[in-house]
Structures are given as structure tokens and as C-alpha cells.
Amino acid sequence: MRDYSRFEVWAPKAGTVTLALEPRFEGRRREITMERGEGGWWHAPEVEAHPGDRYGFLLDDSPVALPDPRALAQPEGVHALSEVVDPRTFTFTAPWEGMDLRGKVIYELHIGTFAADRETGASGTFDSAITRLDALVELGVDAVEVMPVAAFPGERGWGYDGVGLFATHEAYGGPEALARFIDAAHERGLAVILDVVYNHLGPDGNYLGEFGPYFTHTHTTPWGPAINFDAAESAEVRAFVVQNARQWLIDFHLDGLRLDAVHALRDHSPTHILAELSSAVADMSREVARPLTLIAESDLNDPAMVTPVAEGGFGMHAQWADDIHHHLHAWATGERAGYYVDFGAAAGVKKTLERIFEHDGSYSTFRQKNWGAKVDAASAHYDAHAFVAFIQDHDQVGNRASGDRITDTIGYGAHAAIASLYLLGASTPMLFMGEEWGARTPFAFFSDHGERIGPLVSAGRKEEFSRMGWSDAVPDPQARSTFEESFLDWGEAESGEHATLLEFYRALLSLRRKNSDIQKGAFDSIAVDVLSEGAILMHRGRIGVLASRGDAPVTWEPGSRVQVLASFGGESDGRALTLDGAGALVFERSDA
């Protein structure tokens with residue numbers, strides 16, 4: 001564990017560094033000259049400090065103390081002094097041996113909206129989220145994936161503009177509350193994954209460049225200069241990322257990290273930062289004697305992402321499988337605009353459920369070039385569990401103009417159809433919060449930037465969607481109402497088609513947990529038949545799924561007796577399976 005009793009900072013270009021310390025109970029500020037050490041590190045002499053004390057660093061002649069790049073808390077915001085926090089004081093009481101997250105059921109959530117109070121408008125916190133964990137256990141979830149909580153400007157946001165990568169966002173309750181949430185999840189048998197962002201920092205409150213060469217103009221990214229992973233003095237920047245992962249996984253007892261947009265990590269080093277991180281996390285896993293999982297969001301469609309480092313890969317344990325989402329979404333909705341242009345055919349649904357990537361070296365119309373590489377179905381290093389499948393996530397909902405969910409477009413029957421295919425498929429399934437009951441509350445893009453950046457965000461969002469003819473449907477991301485309208489309404493789940501869909505999800509996840517055929521991740525454990533452009537049949541050993549988007553009534557006779565295990569809109573006489581409209585039937589054959 002990092003020594004949190006020492007004040008130190010990496011500032012290789014500074015001539016002097018001064019520690020500004022405001023003891024919690026003394027009410028006066030002390031300034032202590034720090035000593036230069038090796039490699040651009042500065043250390044304070046023995047200084048007595050206690051949790052709750054505030055501090056920052058004065059670089060050279062600057063009159064303003066900057067927050068610590070490695071601070072665990074920023075109680076007054078990302079521009080203010082940091083707070084001394086010692087995670088050795090956190091209490092973790094739940095007996096927990098961890099779990100390999102591949103093949104488990106993941107549930108993505110946003111802390112600020114997951115368990116917020118719709119009546120009072122109070123945003124969600126880690127403590128309020130704890131009150132909903134039992135519902136996830138009852139649903140059949142194995143792990144919760146929390147959208148980024150690293151300190152970001154303002155109260156509300158998605159977290160992808162974080163600037164204090166070691167600090168926990170104060171509006172959610174801060175680091176102690178995060179520790180309570182993790183412990184409460186473990187007590188209920190739930191693993192916890194944290195979404196982290198190592199490809200860029202937000203524009204507001206980003207002081208890393210003041211301390212050292214954390215960024216480089218050698219590469220450019222959509223957010224400006226790249227994080228410095230391969231230019232001069234990059235060793236400490238790489239160590240910064242590895243230390244950040246260690247804090248979350250070791251000090252906070254997390255089970256995994258989801259790495260945002262790793263295709264935007266610019267690194268031409270002999271050892272890519274992902275490979276270095278993979279090796280370091282493997283060492284951490286051995287140290288704590290429990291599995292630790294790295295999940296990458298990658299746009300590359302390359303199985304090298306989940307190939308071990310020793311075999312020339314990047315060493316991630318799993319990666320998101322966007323092509324599965326794109327095909328299921330486009331097949332159910334009929335949308336073909338933008339990156340959906342090559343998606344939506346039933347044959348493509350079959351291809352991605354069985355082999356993950358649509359673009360596996362083939363031509364991508366959206367990118368206007370060949371893209372991706374084929375998955376090796378005979379690989380000894382990964383199987384389908386290494387690919388995370390979903391029909392909704394924060395991007396695919398929140399980056400629509402109004403943040404509308406798929407149920408609004410296709411209805412409950414078609415929703416159940418595509419849900420049955422990915423939840424019982426061979427990949428690792430991930431739900432997005434509220435999906436299980438077909439939530440009608442949107443999940444829009446929202447932020448809380450100040451007067452300088454806020455108007456630019458609002459204007460940019462409107463301009464982005466005006467090119468698609470949707471400008472009238474775009475809520476202002478800076479308006480608090482946009483945030484509050486995104487709060488989940490848990491009362492929806494209690495009645496009507498919401499409750500029916502919820503029971504269907506519970507049945508599917510119960511089957512996934514109990515049935516050995518469904519649990520298999522081997523590529524040969526799944527086969528898909530296209531009955532028509534609107535009807536798909538998936539086989540998982542003795543278990544089958546008949547799914548229809550509702551083009552026309554569907555009847556299928558398997559040639560043997562069947563037992564229906566879960567149904568949404570269908571029926572069976574024991575021999576034939578019938579769907580009159582959109583829906584799904586999950587069944588077990590009497591012979592395999």
C-alpha cells in the first residue's frame with residue numbers, strides 16, 4: 001500500500017516546491033519547503049498530518065496552491081486544496097475471495113442517477129446505491145460496473161471529464177462512502193468494477209501539466225495532446241497509471257477496472273501501457289490472492305486485446321463487443337444511420353453472436369476501409385467470455401439526442417427478444433441500469449461546467465445533433481432538469497409490462513446461473529439459425545431461444561418435446577413453439 005503519511009509530488013521542472021498545509025483543527029496555514037529528491041520527486045520533511053487536513057503544492061513563485069495529482073479527496077472541488085485521506089482507516093468486513101468476472105452478469109450504473117430521490121431532486125450517492133443492491137442480487141446480477149467516479153468539476157456529470165484520477169467525486173460521498181459501497185456489495189456476493197479513464201483528462205481543473213510532462217504533442221487525440229506514454233520522461237506517467245490502478249484494486253478492494261476507449265491510448269513504446277498494466281495487475285492479483293479483471297473498451301475489433309502479453313497481445317481479460325450491440329439494435333429498430341450502416345441483417349446477428357465481430361478484416365462502410373481481425377474460435381487463450389455483450393450502455397443510450405432507451409422505439413416484445421439472445425449467449429452479458437424493467441426514464445448527457453466551458457458544451461451538443469436533424473430533441477446538458485429527468489424511477493418496475501419484463505429478465509438470469517450449457521464460453525457452445533429476417537433461433541446445448549422482432553407470426557417445431565422455461569409473448573403445446581408477435585420463448589428440448 002502507498003505510504004499515505006508522506007507528502008510527495010513529482011514536479012521535475014519546478015525550481016522550488018512548497019507544501020501548503022491547513023490542519024483541520026488549527027485554522028491556520030503552514031508553508032513548508034519541500035526537498036528535491038531523485039527523478040524529479042519532491043518530499044516534505046517529517047510533517048505531522050491527520051485525515052481531514054487540507055493541503056496543496058506551490059510551484060516556484062505561484063501564489064496559488066495546486067491540488068495534489070494523487071489526492072484521494074477534493075472536498076471543495078477540483079480547483080481547491082486536497083484532503084488528507086488514509087485508506088488504512090477504511091473498514092472492510094465482508095469475507096470476500098473475489099471472482100473471475102468473465103462469463104458473469106455485469107450491471108452498469110451511474111451513481112448520481114441510479115438511486116437518486118425523484119421527489120426531492122437529491123442526486124444519488126454511494127450510500128443510496130447500497131439500498132438498491134439487494135434488488136440486483138434478486139435480479140441475478142454478479143457484478144456492478146460503476147461509471148467513473150474520479151473527481152470532476154461541478155456536482156453532476158458522467159465522469160469522463162475527470163481530472164483528479166485518484167480522488168473520489170465528493171457529491172457521491174467521497175472515498176469513505178466508496179469503500180462502504182464496495183464492502184456492502186461484497187457482503188451480498190457482488191463484485192465491483194470501476195470505469196477508469198486513462199486516455200485523456202477533462203479541460204476544467206486539469207493541473208497535471210503544471211507539475212510535469214504528463215502530456216505530449218507527439219500524438220494528438222480527440223481531446224488534444226495525448227497522455228505521455230512514450231515520449232521523454234514518460235516512465236513516471238506510466239507509473240502514475242499503474243499506481244492509480246493499484247489504489248483502486250488494492251486499497252479500495254475493487255475487483256476489476258473497465259478501461260475507457262483504449263484505442264485512444266497513443267503509445268509506440270516496445271511495451272504498450274496496456275501490456276504493462278496487465279502484467280502489473282497480474283502481480284497484484286497474486287499479492288492479494290483473488291482474481292482482478294481488466295476490461296477494455298476498444299474500437300479496434302482485434303482479439304489481440306484479450307490475448308496474453310506473453311503471446312504478443314495486450315493482456316486484457318475482456319473487451320466490449322460493440323458489433324453485437326450494433327447488430328441487435330439495428331435488427332430490432334431498423335436504424336441504419338451512422339455507424340449502423342453495415343448492421344441489422346439477421347445473418348449479421350448470427351455472425352456476431354457466434355464470432356463476436358462483424359468487421360473482422362472486412363470493409364467498414366462507416367470507416368471507409370477494412371477493419372478488424374477474426375476471432376480464433378480454436379484459441380487456447382480466450383473464449384467468448386472474453387467479450388462483453390449488451391443491448392444498452394451509457395454511450396448507446398446517453399449519446400442519442402434525447403437519451404431515449406430502446407424500449408421507447410421497439411416496445412417490450414422486441415426488447416425481450418434481443419435481451420434473450422444476449423443474456424443467454426456465450427459472451428459475458430452486461431445490463432444497463434433500468435434495462436431489466438424497460439425503464440422509460442431517459443439517460444441523457446449531462447454536465448455541470450462553469451460559465452466558461454458550460455455554454456460551449458451546450459452549443460456543441462446541439463450542433464452535433466443538428467447535423468442529423470435532431471436539434472429540437474436535444475436537452476441542454478447544463479440544465480439540472482436534464483440530470484434529474486435521468487434519475488431512475490424504481491416505482492416503474494412494480495406494475496404493468498415493466499413488471500412482466502422484469503420477471504422475464506429474472507428468469508433468464510436464473511437460468512444462466514443454474515444451467516451448465518448456458519454458462520459455457522466455448523465458441524462451439526453456441527449456434528444460431530436464421531428462420532427469417534425477423535426471427536432467430538439460438539441453440540445452447542439442450543437450451544434454445546426463439547426470438548422474433550414481430551414482422552409476422554412465427555411457429556417452429558423442433559421435432560421433439562420441449563419444455564418452456566421462460567416466455568415473453570409466446571406459447572407452446574409441448575411440440576411447437578409459437579410467437580404471434582414480437583417476443584421470445586426460451587425452451588429445453590427433451591433430447592439434445
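How far apart should the ends of helix α14 (residues 496-514) be at 1.5 Å a residue, and how far apart are its end C-alpha atoms? The 19 residues of α14 should span 27 Å, and the end C-alpha atoms lie 28 Å apart, so the two values agree. Keep in mind as you look around that this is a predicted model. Along α14, the buried residues are His498, Leu501, Leu502, Phe504, Tyr505, Leu508, Leu509, Leu511 and Arg512.

Now turn to helix α11 (residues 406-423), where the same sum comes out another way. If α11 were straight, its 18 residues would span 26 Å at 1.5 Å a residue, but the end C-alpha atoms of α11 are only 16 Å apart. Have a look at Tyr412: a kink of about 95 degrees in α11 is centred there. As for the surroundings of α11, 15 of its 18 residues are buried, and the helix is therefore largely enclosed by the rest of the structure.

From the helices, let us move on to strand β6 (residues 54-59). Here 5 of the 6 residues are buried, so β6 too is largely enclosed by the rest of the structure. Which strands does β6 pair with? One is β2 (residues 17-22), which runs antiparallel to β6 and is joined to it by 6 bridges. Within this pairing you can find Leu19 opposite Phe57 of β6. Another is β7 (residues 82-83), paired with β6 in the antiparallel sense over 2 bridges. To locate that contact in your view, start from Tyr55, which stands opposite Ser82 in β7.

Key. Residues numbered from 1 in each chain as written. Predicted model: local features only at pLDDT ≥ 70, side-chain atom pairs only at ≥ 80, totals over all residues. Heavy atoms only, no water. Helix = DSSP H or I, 4+ residues; strand = E, 2+ residues; numbered from the N terminus. Expected span 1.5 Å × (residues − 1). Bend = angle between axes of the 7 residues up to and from the residue. Buried < 20%, exposed > 50% of the residue type's maximum accessible area, 1.4 Å probe, protein only. Pairing = 2+ DSSP bridges.
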